[in-house]
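Please look over the model below before reading on. The numbered points take up its sheets, its helices, a cavity and the confidence values.

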Amino acid sequence: MTTANPFPSHPSTVPASALDRSDSDVVLIVDDVPDNLAVLHDALDESGYTVLVAMHGEAALQRAAQALPDIVLLDAMMPGMDGFEVARRLKASPATAHIPIIFMTGLTETEHLVTALEAGGVDYVTKPIKPREVMARMGVHLGAARKARQDARQAREARNALDAFGYASITVRAADGRIVWQTPLARELLQSYFGEVGPDGAPTPFGQWAPEPVQAWLRRHVLADNAAELLEASLAEPPRLAVEQGARRLTFRLHQQAGDSAGGGDWLIVMREVSDAKIIESMSLSFKLTAREAEVLYWVVKGKINRDIGDILGASPATVKKHLERVFAKLGVETRTAAAAMAMNRIRQLHPQFEG
């Protein structure tokens, strides 16, 4: 079991990857009173939890960011940065916003409890602390958090799976253009086509904002006075946005609303890049062709004869013919026309914007 020193003089670096979460949940206890820490630390450790501790607000923020605990037990009243401020900062950070916080407080006045909940707490226990009560409360919220993490992971895996087929996705807040979520491929494509920009068009190192053409397109189809009626009544999806960069073209498709509809809501947008290289790569993967075989098939689709294909690829017509014979065998066809038709059907499935 991984157990941190209950009373460290300096917060230690505890990477999230270094903690074994297979058999136990990770709990961060934040309290400036050593006796309170000791009681909870020992009880939780004996019950099989992985325990981390912090004795002041800054240490709590650092440990939470480093270790990403499954739950935080947070003392409300501490010198310097109090628990309410710690909670607000944890909830303000995307990396730690999901972590449930249970306040530990000797304050029972309604206004203090309301402050705890408004700061981001999901529950509270009153002092003197009763470890059995704390663990009972923890069990409820850890179960809910575990379910939320599982749902989020499944959604993330489903969206990231699109990357493998060349479909990137982002979730954008319509009201201000902020990118709420993006796949790795989406970030790469946005950087390639637009760089990284802020809401005022100035560069930003964080890539937090959708490019202005995307924001304008989204506002036009979501925030316009008649947008809701158009979206509801339309049998077809809204027109796609296309951005060209040389021989490359990036298209944006409005997929579905992903959050609360207030202020226009958050929208999932699917992005797709179309280029010769992408199409050739798709054919290679789809038909289990070598890169050169896929290139030959691509130019067959384009209507080129073997001599022309040889000139384009820097090969002899005889070499092109040999590649094409292997393509016929892998596709299970006997003619150029049949191979081209099969390839064209697959390309149009994967690249709807392709024009053969």
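**Notes on the model**

1. Helix α1 (residues 34–46) lies across β1, β2, β3 and β4, and runs at about 165° to β2. Helices and strands here are DSSP runs, numbered from the N terminus (helices H or I, at least four residues; strands E, at least two). Angles run from 0 to 180 degrees between N-to-C directions, the axes being lines fitted to C-alpha atoms, for helices over the stretch in contact; contact means heavy atoms within 4.5 Å. Helix α2 (residues 57–67) lies across β1 and β2, at about 145° to β2.

2. On the basis of the values: this is a predicted model, in which local features need pLDDT of at least 70 and side-chain atom pairs count only at pLDDT 80 or more, while totals for chains, interfaces and linings use all residues. Residues are numbered from 1 along each chain as its sequence is written, and side-chain values use heavy atoms, with hydrogens and water left out.

3. The sheet under these helices is open and has five strands in the order β2-β1-β3-β4-β5, with parallel pairing. Two strands count as paired if DSSP finds at least two bridges between them. β2 (50–54) and β5 (123–126) are the edge strands; each has a single partner strand, so one side of each is left without a neighbour in the sheet. On average, neighbouring strands of this sheet are turned by 20° against each other, direction ignored.

4. Within that sheet, β1 (residues 26–30) and β3 (residues 71–75) run parallel and are joined by four bridges. Val 30 stands opposite Leu 74 in β3.

5. A further open sheet of five strands has the order β7-β6-β10-β9-β8, and its pairing is antiparallel. Its edge strands, β7 (179–182) and β8 (241–245), each pair on one side only. Neighbouring strands are turned by 25° against each other on average, direction ignored. Helix α7 (residues 212–222) packs on this sheet, where it touches β6 (167–173), β8, β9 and β10 (266–274); the direction of α7 makes about 35° with that of β9.

6. How many bridges join β9 and β10? The two pair in the antiparallel sense over eight bridges, and Gln 256 has Leu 268 in β10 as its bridge partner. β8 and β9 (residues 248–257) are also antiparallel, over five bridges. Here Leu 241 is partnered by Phe 252 in β9, and Gln 245 stands opposite Arg 248 in β9.

7. There are two cavities of 30 Å³ or more. A cavity is a set of points, on a 1 Å grid over the protein atoms alone, where a 1.4 Å probe fits but cannot get out; lining residues have an atom within 4 Å of a point. Grid points are joined across faces, edges and corners, and the volume is the space filled by probe spheres set on the points. The second largest cavity has a volume of about 30 Å³.

8. Residues lining the second largest cavity include Phe 84, Phe 103, His 112 and Tyr 124. β4 (101–105) and α4 (110–118) each supply at least two lining residues, and α4 gives the largest share, three residues. By class the lining has seven nonpolar residues, two polar and no charged (nonpolar: Ala, Val, Leu, Ile, Met, Phe, Trp, Tyr, Cys and Pro; charged: Asp, Glu, Lys and Arg; polar: the others, Gly among them).

9. The mean pLDDT (the predictor's confidence in each residue, from 0 to 100) is 80, and 77% of the residues reach 70 or more. Over residues 1–13 the pLDDT is below 50, and this stretch has 33 contacts in the model beyond near neighbours in sequence. Residues 201–206 also have pLDDT below 50, with 12 such contacts. Where pLDDT is low, the predicted coordinates should not be read in detail.

Definitions and conventions
1 Å grid on protein atoms, 1.4 Å probe; cavity = no way out; pocket = protein on both sides within 12 Å on 5 of 7 lines; lining within 4 Å.
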